[in-house]
Every structure is written in C-alpha cells, then in structure tokens.
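Trainee: Before we use any labels for this protein, could we go through how each one is earned, setting the value against its definition?

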Amino acid sequence: PHFLFNVLNTIAWKAQINDNEEIYEMVISLGELLKMNTLSRERDFITLEKEMEYVKFYMYLQQMRFEDKITYHIQIPEHLMQCRIPCFCIQPLVENAIKYGIDEQGGEIWVSLRREGDHLIFEVRDNGKGMSQETCRDLLRDDAGDKGGFGVRLVKAMVKSTYGEECGVSIYSREGWGTKVTVRILKDVPVPEYIR
C-alpha cells in the first residue's frame, strides 16, 4: 500500500503544479478511499463523521465519472457525528445504489440517520429504476451466491455479528421509484479500548 500511496501523492503533486485541480481532487479522493480500505482491516469501528468523509470521497469520484449527473444529500444530525459505527457500514450501500440503481441518465442518493430510542437507523435511498420485492428478498439471502448485492449482505452480516438479532438490514424498492436500504444498529455498543 505504501507504494500505491506514494505514486498517488506524486500524481496529485504533478496535477497541482500543472493547475489541474480536478485531477488533483480525484487522486486525493481515491487515495483516501484506498487508505480507508487498508485501515479498516486494522480496526472495527470508526466515527460516523469519518464514514461520511469516505462517502463524500466516493461520491465525488462517481460525480466525476457520471459528469455530475448524480447528486447526493447527507441528512445526519451534527450531535450524532461522533457515534462509533462498524467500519464500512454505509459506504457499500451507497456504492450499491449507484451500481444497481442509478443509470447513465443519473439520479439522486440520500443518506440519512435518525435515532429511535437505543437504536440508530440509517437509510440509503436512490431514485433509480427500483426492483421487485422478490429481488429485494434474494439480495438479503445468505445463500444468494453471485447474484449481486454483495455489499448489502456484507453489511447485514457485520450488523448481525456486532449487534445481534435485534438489529439488521431491510430493503424496500418499487420499480420506477427507487430503492431504500435501512440499517438498524444500537447507538451504544462496547468498543474495544484500543480503538477509542
């Protein structure tokens, strides 16, 4: 990873001295996402604020790819930004929304969070093509194999193993309306001392 980061830093530096701000920002965003992927192997929890940073880096790169045909909205109360959540709890769902929901025409994605008692409820919604309820059920099946939706199943498994059966992932979708993935986790979960 150090070699990759050094190469990316060199590309970013060359872009900056040539006044190419767009390429500079893209390289920096890609570097941050790669760093997150590397560091997530060493830690289980990050702050919600940090996860949102990575969502923004990811969305910036996708906006460049789709030539600004994608917009996104993050609706999270500031006072909840320091809550600790499992690493990669939201970003894979945003990635799925783009991969399976949004087409070449573009679209919108909303990431929101609310608190219900002892729980935090995340929602990632897109206004893409949507899918049938049968497809939604298939995406959440543990034995779905290579039918797609790996990110959803990854988040579902992580939530269940971290928080138990009272928490989980659900999907609602309607063709022509879009898709909404909801994640329910506990607000407070014991976090190992070494990552506090």
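**From values to labels**

Mentor: Let us begin with a charge and a ring in this predicted model: R125 lies over the face of W177, at 4.2 Å from the ring centre.

Trainee: What makes R125 count as lying over the face of W177?

Mentor: The distance part of the definition asks that CZ of an Arg be within 6 Å of the ring centre, and R125 is placed at 4.2 Å from the centre of the W177 ring. The definition also asks for a position within 35 degrees of the ring normal, and R125 is listed as lying over the face.

Trainee: Why is W177 called partly exposed?

Mentor: Buried requires under 20% relative accessible area and exposed requires over 50%; W177 has 23% relative accessibility, so it counts as partly exposed.

Trainee: How many aromatic pairs are there by the ring-centre rule, and why is the pair of Y54 and F57 called tilted?

Mentor: The count is two aromatic pairs. The ring centres of Y54 and F57 are 6.4 Å apart, which meets the limit of within 6.5 Å, and their planes stand at 45 degrees, neither under 30 nor over 60, so the pair is tilted. Y54 and F57 are three residues apart in helix α3 (residues 48–65), a separation of about one helical turn, and Y54 is buried, because its relative accessible area of 6% is under 20%.

Trainee: What makes the pair of Y172 and W177 edge-to-face?

Mentor: The planes of Y172 and W177 are 70 degrees apart, which is over 60, and the centre-to-centre distance is 5.4 Å, within 6.5 Å, so the pair is edge-to-face. Y172 is partly exposed, with a relative accessible area of 35%.

Trainee: Turning to the sheet, why are β2 and β6 said to stand at the edges?

Mentor: The five strands form an open sheet with mixed pairing, in the order β2-β4-β5-β7-β6. β2 (70–75) and β6 (168–174) each have a single partner strand, so one side of each is left without a neighbour in the sheet. Ignoring direction, neighbouring strands of this sheet are turned by 15 degrees against each other on average.

Trainee: How do you know that β5 and β7 are paired?

Mentor: Pairing needs at least two bridges, and eight bridges join β5 (residues 119–126) to β7 (residues 178–186), the two strands running antiparallel. As one instance, F122 has V183 as its bridge partner in β7.

Trainee: What makes K180 and E123 a salt bridge?

Mentor: The criterion is a side-chain nitrogen of Lys or Arg within 4 Å of a carboxyl oxygen, and K180 and E123 meet at 3.9 Å, N to O. K180 lies in strand β7 and E123 in strand β5, so the pair ties together parts that are 57 residues apart in sequence. E123 is buried at 16% relative accessible area, whereas K180, at 25%, is partly exposed.

Trainee: Which residues are joined with K180 and E123 into one network?

Mentor: Salt bridges that share partners join R114, E116, E123, K180 and R184. R114 forms a salt bridge with E116 at 3.0 Å between the closest N and O atoms, and its side chain also meets that of E123 at 3.0 Å, N to O. The structure holds seven salt bridges.

Technical notes. Residues are numbered from 1 along each chain as its sequence is written. This is a predicted model: local features need pLDDT of at least 70, side-chain atom pairs count only at pLDDT 80 or more; totals for chains, interfaces and linings use all residues. Side-chain values use heavy atoms; hydrogens and water are left out. Rings of Phe, Tyr and Trp (its six-membered ring) pair if their centres lie within 6.5 Å; planes under 30 degrees apart count as stacked, over 60 as edge-to-face and the rest as tilted. Helices (H or I, at least four residues) and strands (E, at least two) are DSSP runs, numbered from the N terminus. Buried means under 20% relative accessible area, exposed over 50%, partly exposed in between (1.4 Å probe, protein chains only). Axes are lines fitted to C-alpha atoms, for helices over the stretch in contact, and angles run from 0 to 180 degrees between N-to-C directions.
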